[in-house]
Amino acid sequence: MTALDTTKPWQDLFAHAGRIGQMHLRDEFKRDPQRAQRFTFEAAGLLADLSKNRITDETLKLLCDLARARGVEDWRDRMFKGERINTTENRSVLHIALRNCEDRPIIVEGANVMDGVDAVLKKMMTFCHQIRSGDWQGYTGRPITDIVNIGIGGSDLGPVMITEALKPYAHKRLSTHFISNVDGTHAAEVLKPLDPATTLFIIASKTFTTQETIANAVTARDWFLAKAPNKQAVAKHFVALSTNTKAVAEFGIDTENMFEFWDWVGGRYSLWSAIGLSIALSIGFEDFENLLEGAFEMDEHFRLTPLERNLPVLLALVGVWNANIQGCTAHAVLPYDQYLHRLPAYLQQLDMESNGKSVTREGTACAWQTGPIIFGEPGTNGQHSFHQLIHQGTRKISCDFILPAISHNPLGDHHLMLMANALAQAQALMLGKTEDEVRAELKPGEESLVPHKQFSGNRPTTTVAMKKLTPATLGALIAMYEHKVFVQGVIWGLNSFDQWGVELGKQLAKPILAELKAGKPGDAQDASTKAMMERLLAWRKEG
């Protein structure tokens with residue numbers, strides 16, 4: 001494909017940016033009473049207001065021209081058809097099949113993948129009903145009370161985020177826990193209060209060889225067997241989310257309790273698959289289906305809606321405009337709902353692992369910025385942390401504010417205050433504060449404060465609102481961001497579905513681990529690593 005920076009639509013956008021110059025959003029809102037209405041879009045229970053970005057009608061037209069020139073529609077259609085758009089791994093990308101609620105056939109290598117998807121969903125449904133009803137009993141004949149998901153990356157971040165987000169829908173008897181970090185403290189602290197006789201472990205690893213996950217799984221099994229009567233009890237307390245039948249059986253898990261997924265399910269897109277078993281156990285299979293249906297509704301909107309009204313496409317294009325043309329170096333995700341407190345961490349992996357690339361699909365170097373730095377905290381906590389930099393710092397940072405109209409916990413005026421703060425932050429970032437406005441507020445003798453209290457505003461924000469955070473609206477929200485990231489990858493010419501950059505560290509860790517176990521660094525280590533290993537080993541020997 002032609003290099004992005006040599007295409008006419010790309011160059012047209014830079015020329016357009018030069019024409020609108022220092023356009024200020026506060027002036028645009030005064031000039032155009034219909035601005036908010038024109039730049040607000042709805043889909044699948046979500047409403048997105050893009051009007052506080054520095055865009056015009058021409059901006060969106062030029063961005064849609066860019067999307068068409070870069071083949072966004074073609075790549076989208078190829079994904080939904082099951083073509084192998086993950087080019088470096090020669091794989092299809094079919095997380096959309098996992099929530100294909102119409103059961104539309106998707107053919108890969110001559111077979112309809114929906115047959116396998118439906119079979120696993122039915123198996124998950126049966127298992128969920130057994131656990132949640134209490135019919136499934138542990139080795140003492142008591143029902144399960146605690147679920148521990150052991151995984152890392154996509155096998156952890158998605159399930160953690162969703163079980164936290166949907167706590168109002170959680171089963172009253174079941175508590176859900178997660179172990180991901182190979183730091184033994186994580187496993188130790190999770191296991192301390194649990195009773196082995198009523199605990200179910202879910203080991204989530206496609207290959208059943210992931211170093212951190214298997215280390216934690218072995219620790220969990222040792223902890224369990226210290227109390228259990230025999231190894232046969234493992235079968236009632238451990239299940240696997242994997243494709244490696246041999247390794248699962250060797251671990252001691254009954255392969256009847258192994259839930260399959262496929263190589264066309266990327267880790268960071270896998271919560272819709274068997275990896276979501278902890279979610280389904282927590283909120284119930286019916287609400288897990290509602291989660292899938294919300295995502296499916298967004299999928300259909302993304303698949304069928306023209307680019308000019310397509311919510312994930314527009315979010316992606318405005319993100320490209322902000323990052324590449326307007327110079328934003330980072331993007332803040334600011335959910336004004338405590339239940340969504342893990343959403344920024346989830347989106348960090350989704351976005352930064354997908355588009356944190358410096359070469360195109362063809363292997364040529366990118367001469368343009370790709371994925372932004374993603375960070376965030378729930379409101380209003382972030383306002384008392386990093387919002388200062390967003391308002392007055394030298395770096396340009398774009399923001400997404402996410403808020404529901406109705407709270408699951410309507411205590412006093414708390415939710416009205418929360419919404420007021422979200423709206424006020426977006427408004428302040430747009431308006432800023434002029435020198436005249438600052439001077440009008442100052443007392444005599446405070447003139448020196450003028451430059452400190454003045455700030456430009458004109459900082460780009462998008463507000464995404466929903467009636468209430470439910471399984472369906474959460475499903476739609478996640479799918480919207482998935483497709484946004486995909487579209488941006490297409491614009492930048494990237495393969496958004498591999499992650500080779502994380503592999504080198506894994507490879508280097510193996511010999512370092514062997515040398516640490518041996519108590520001596522090898523001669524092949526660089527001087528810095530060798531010196532640090534020697535000091536760490538010396539400290540360990542001392543005490």
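## Starting with a salt bridge

Glu-109 and Arg-84 pair up in a salt bridge, with 2.2 Å between the closest N and O atoms. This pair ties together distant parts of the chain, 25 residues apart: Glu-109 sits in the loop between strand E3 (107-108) and strand E4 (111-112), and Arg-84 in the loop between helix H5 (72-81) and E3. Keep in mind that we're looking at a predicted model here.

How exposed are the two partners? Glu-109 has a relative accessible area of 69%, so it counts as exposed. Arg-84 comes in at 34%, which makes it partly exposed.

## A buried pair

Now for Glu-482 and Arg-99, whose side chains also meet in a salt bridge, at 2.8 Å from N to O. The two residues are 383 apart along the chain, with Glu-482 in helix H20 (residues 471-492) and Arg-99 in the loop between H5 and E3.

Buried or exposed? Glu-482 is buried, because its relative accessible area is 1% and the cut-off for buried is under 20%. Arg-99 is also at 1% relative accessibility, so it counts as buried too. Shared partners also chain some salt bridges together: Glu-102, Arg-104, Glu-300 and Arg-303 form one network.

## Neighbours in sequence, and the total

Arg-76 and Asp-77 make a salt bridge as well, 3.3 Å from N to O between their side chains. What about their accessibility? Arg-76 counts as buried because its relative accessibility is 8%, while Asp-77, with 30%, is partly exposed.

Add everything up and the salt bridge count comes to 28.

## Around Arg-173

Arg-173 is in the loop between helix H7 (157-165) and strand E6 (175-179). Its relative accessibility is 27%, so it goes down as partly exposed.

Which residues does Arg-173 touch, setting aside its neighbours within four places in sequence? The contacts are Ile-131, Arg-132, Gly-134, Pro-143, Ile-144 and Thr-145. With Ile-131 there's a polar detail to look at: the Arg-173 side chain reaches the backbone oxygen of that residue at 2.6 Å. As for Cys-64, its C-alpha atom is 50 Å from that of Arg-173, and the two residues are 109 apart along the chain.

## A nonpolar patch on the surface

Met-532, Leu-536 and Trp-539 make up a nonpolar surface patch of about 330 Å². One of these residues, Trp-539, lies in helix H22, which covers residues 527-542.

## The whole chain

Zooming out, the protein chain has 22 helices and 13 strands. Its C-alpha trace spans about 75 × 60 × 60 Å along the principal axes. Does the radius of gyration suit a compact globule, or what should we make of it? A compact globule of 543 residues would have a radius of gyration near 24 Å, and the chain's value of 25 Å agrees with that.

Of the 543 residues, 53% count as buried. Take the contacts between residues at least 6 apart in sequence, and 74% of them join residues at least 24 apart. On the outside, the chain exposes about 24,200 Å², with carbon and sulfur atoms supplying 52% of that area.

How values were computed
Residues numbered from 1 in each chain as written. Predicted model: local features only at pLDDT ≥ 70, side-chain atom pairs only at ≥ 80, totals over all residues. Heavy atoms only, no water. Patch = residues over 30% accessible without salt bridge, like charges linked within 9 Å, V, L, I, M, F, W, Y side chains within 5 Å. Areas by Shrake-Rupley, 256 points an atom, 1.4 Å probe, with all protein chains shown as cover. Salt bridge = Lys/Arg side-chain N within 4 Å of Asp/Glu carboxyl O. Helix = DSSP H or I, 4+ residues; strand = E, 2+ residues; numbered from the N terminus. Buried < 20%, exposed > 50% of the residue type's maximum accessible area, 1.4 Å probe, protein only. Rg over C-alpha atoms; globule rule 2.2 N^0.38 Å. Contact = heavy atoms within 4.5 Å. Polar contact = N/O pair within 3.5 Å; in protein donor to acceptor, adjacent residues only side chain to side chain.
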